[in-house]
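Good morning, everyone, and thank you for making the time. Please have the sequence and the model open beside you while I talk, and stop me whenever a term is unfamiliar.

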Amino acid sequence: IMTYNIPMGNIPAVGLNTWANRCIGLQAYINGVQPDLLGLQEPVRTELMNLLSGMPGYSMIGQARDDGYESGEYSPILYNTHRLYAEKWGTYWLSKTPEVVSKNWNSACNREATWAIFRDKVTQARFLYTNTHLDHKSDSARENQMKVIKTRMKQIIAENGMMPMMLTGDFNVAQDDELYTLFTESGVLKDCYTNAAQRFAENGTYNAFKPSRFTTERIDHIFVTPATTVEAYAVRTDSRWQEEPDGKVLRRNFSDHYPIFARIRF
């Protein structure tokens, strides 16, 4: 399972950082890693269609956050159709009225979560996967948005039976923030980073499009239910390309975030 914030294609970008170039790199990278599940943050519809056109075997679940249809950013789930079957899915907004497009608690913009109940075609295991992107400005919004997610995950389980759960996203909350503990100390979810049998994480998850930038802050996370075994975890700093004009190696990142990866076992 992976989570990856790929900034909107309309951000100011030149050269290798334009969407046309980044899309090609992202397709090649994701097809190479071949996650069974991939939660994205920030893509708009045209970007998603661009990506999926070069990713055979993957389908998408999700709705745009500004109209519940196609307007604005998505927090979509991409999944490997050869391995997984989607039984149920939906989108809710991280607000006081989750069923409709809305925002509260001084959130800078509409925020949403996409969920799906999957069945593994190989093992027949069923599980609930939720992907999201929390507000980037308001602590109050992030705290309440986390509470909405916890409540909805419990509700979906109550309606569909006990099963493993996983939650991915850009939470805009680092591991040393007290809001981070809303999940990790809840007894409902644990962080794959801290529970991995093998871990490769030489950097934090936000790189600002600077390949040499170093940080220890992880604002992108993969959470799973406590009984889930986390075999491996990685911040994938290999998600970049290089070119060699005039003999000089220039590196560029596909995104201003690094993707993170976890291999889990139920």
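**Rings, a sheet and a helix**

Let me begin with the aromatic side chains: in this structure, which is a predicted model, the count of aromatic pairs comes to nine. One of them is formed by Phe171 and Phe183, whose rings meet edge-to-face, with 6.0 Å from centre to centre and 75° between the planes. Where do these two residues lie along the chain? Phe171 belongs to the loop between strand S8 (165–170) and helix H4 (181–184), whereas Phe183 is in helix H4, so the pair ties together parts that are 12 residues apart in sequence. And are Phe171 and Phe183 buried or exposed? Both of them are buried.

Staying with aromatic rings for a moment, one aromatic cluster is made up of Tyr79, Phe118, Phe127 and Phe266. There are also rings that have a charge for company: the charged end of Arg152 sits over the ring of Tyr92, 5.2 Å from its centre, and Arg236 lies over the face of Phe261, at 5.9 Å from the ring centre.

Now to the sheet. As a reminder, strands of a sheet pair through backbone hydrogen bonds, and they do this either parallel or antiparallel. Here seven strands form an open sheet with mixed pairing, and if you follow the strands across, the order is S3-S4-S2-S1-S15-S12-S10. At the edges stand strand S3 (58–61) and strand S10 (198–200), each of which has a single partner strand, so one side of each is left without a neighbour in the sheet. If we ignore direction, neighbouring strands of this sheet are turned by 20° against each other on average.

Looking at one edge in detail, S10 pairs with strand S12 (residues 229–235) in the parallel sense, over three bridges, and Gln198 has Ala232 in S12 as its bridge partner.

Helix H2 (residues 45–53) packs on the sheet, where it touches strand S2 (37–41), S3 and strand S4 (77–80), and its direction makes about 160° with that of S3. Which residues of H2 are buried? They are Glu47, Leu48 and Leu51, and, seen down the axis of H2, these buried residues fall within an arc of 100°, so they line one face of the helix. They pack against helix H1 (19–33) as well as S2, S3 and S4, while on the other side of H2 you will find Thr46 and Ser53 exposed.

Notes: Residues numbered from 1 in each chain as written. Predicted model: local features only at pLDDT ≥ 70, side-chain atom pairs only at ≥ 80, totals over all residues. Heavy atoms only, no water. Pairing = 2+ DSSP bridges. Helix = DSSP H or I, 4+ residues; strand = E, 2+ residues; numbered from the N terminus. Axes fitted to C-alpha atoms, helices over the stretch in contact; angles between N-to-C directions. Contact = heavy atoms within 4.5 Å. Phe/Tyr/Trp six-rings, centres within 6.5 Å; stacked < 30°, edge-to-face > 60°. Buried < 20%, exposed > 50% of the residue type's maximum accessible area, 1.4 Å probe, protein only. Lys NZ or Arg CZ within 6 Å of the ring centre and 35° of its normal. Arc of directions from axis to C-beta.
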